[in-house]
Amino acid sequence: MSSSPGNLPNRSETELQQWQREGRLKVRSATGFRDLAEERGLETAYRKTHVVVASDAELTQQATLVLHLGPSDPPIRVRQFRFGPAEGHGGHGNTELVIPMGAGGAALLSALLDGQRLPLSIGGTPSQQQPKVELETELGLEDIPCGRLLLHRGISENGVVAVSSREGLTPTPWGPVLGPWTSALYSCRGPGSIGLSMPGLDGLGAGSPVLVGGTIGWVSGPGSGHNPGAKRSRNGHALGPGACCALQVDLHGLQPSGIRATRLPDGSSGLLVAIAAPIPLLNLSTAQRLTATAEELSAPLLDYGVPRRVRPCPASATYGELLNGSIRLGERHLSAAPAHSPRLAAEAGAQLEQMLLSGAFPLRLPLAPLPSERAVRALN
């Protein structure tokens, strides 16, 4: 073992895996580690902790449910379908359904996980090999051979605070806000979140195991809007949405307790997904980044009352203010509410801690890091 700053030993993936097998792995939540470092000092906290667990449960519409159904007799090729509350078009394979969350996918997923059987209506594109043109049936989760939930923006470094300069209610991706400058919704939980515990998401990459909706999922690569070059604070934390990664998870392993479907006022639907990730403390530098407080972390205020590609950003707010429920903008005080679930996030973190201690969760570094040179490009 080599030495890290402070003459403390660096750790390797192999050592952590061995300690896990031997039942000697020391696991702590991100909040618990920060509290211990404040009370006993960073070096003591590092010695007493091998892996830190961070977690999120953010609202998203950037997700897709992919269902691989069995063949019919005679065969059918899906042209369009309606499955319970969801509908869509085919073209992805003979009987493969691809359902965005906003098109009823969130409600469909929630119903399937609750054990409901739902009507499925398929209109087919007839051909010599797929002559069937209509199919009416009813399916439950046990009738679907294979399915996946794809989270195109599963984990991101930081979030935003949605506000509005417009009179009345203004819709945002996380729900309506009241303007002018009256209420705010913040998308990230701040300290304890995965992105603000792991600057650059440098501990995640293709092949990284992550707890998603109560079961083991995987990082598939960079996610939608991956922006590792975002502006950062002196300690390396993104000052707004930065790096992000996409996740995938097996449908049949998802637990209803880790998933919540939501209905937004504009008629679309979204999904709350509980996600937790391990952060191996390989050196003291990794541990140092976990000590940032709510007052040291911030998110930008974005004015959704102005429908522009680059929305006005009148200020930023610290997570200390956001967690206290009120932020200040000039002479105005805005009430702030979370557009995520702190309870679901805490439950996911606690579950991952137990799985790591029991050896039920694989402890491994990514097969490949997230790309560091990507940038968000405008669509003109």
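1. Apart from neighbours within four places in sequence, arginine 117 contacts Glu138, Leu139, Gly140, Glu142 and Asp143. The model under review is a predicted one. Arginine 117 is placed in the loop between α4 and β10. Its relative accessibility is 37%, so arginine 117 is classed as partly exposed, the class between 20% and 50%.

2. The side chain of arginine 117 engages two acidic side chains in polar contacts: that of glutamate 142 at 2.8 Å and that of aspartate 143 at 2.6 Å. With glutamate 138, the C-alpha atoms are 6.3 Å apart, although 21 residues separate arginine 117 and glutamate 138 along the chain.

3. The pairing of glutamate 142 with arginine 117 also qualifies as a salt bridge, with 2.8 Å between the closest N and O atoms. Glutamate 142 belongs to the loop between β11 (134–139) and β12 (146–156), whereas arginine 117 belongs to the loop between α4 (105–113) and β10 (118–124); the pair therefore ties together parts that are 25 residues apart in sequence. Glutamate 142 has a relative accessibility of 59% and so counts as exposed, while arginine 117, at 37%, is partly exposed.

4. A second salt bridge links glutamate 157 to arginine 232, the closest N and O atoms lying 2.6 Å apart. Glutamate 157 sits in the loop between β12 and β13 (161–163), and arginine 232 in the loop between β19 (215–222) and β20 (244–250), so this pair connects parts that are 75 residues apart in sequence. The two partners fall in separate accessibility classes: glutamate 157 is buried, with a relative accessible area of 1%, and arginine 232 is partly exposed at 29%.

5. Returning to arginine 117, salt bridges with shared partners join Arg117, Glu138, Glu142 and Asp143 into one network. The three acidic members of this network are also among the residues in contact with arginine 117.

6. A further salt bridge brings together the side chains of arginine 82 and glutamate 87, at an N to O distance of 3.1 Å. Both partners are partly exposed: arginine 82 has a relative accessibility of 40%, and glutamate 87 has one of 46%.

7. As general background, side chains of opposite charge can pair when their charged atoms come close. Over the whole structure, the search returns 10 salt bridges. Among them are the pairs arginine 82 with glutamate 87, glutamate 142 with arginine 117, and glutamate 157 with arginine 232.

Conventions: Residues numbered from 1 in each chain as written. Predicted model: local features only at pLDDT ≥ 70, side-chain atom pairs only at ≥ 80, totals over all residues. Heavy atoms only, no water. Salt bridge = Lys/Arg side-chain N within 4 Å of Asp/Glu carboxyl O. Buried < 20%, exposed > 50% of the residue type's maximum accessible area, 1.4 Å probe, protein only. Helix = DSSP H or I, 4+ residues; strand = E, 2+ residues; numbered from the N terminus. Contact = heavy atoms within 4.5 Å. Polar contact = N/O pair within 3.5 Å; in protein donor to acceptor, adjacent residues only side chain to side chain.
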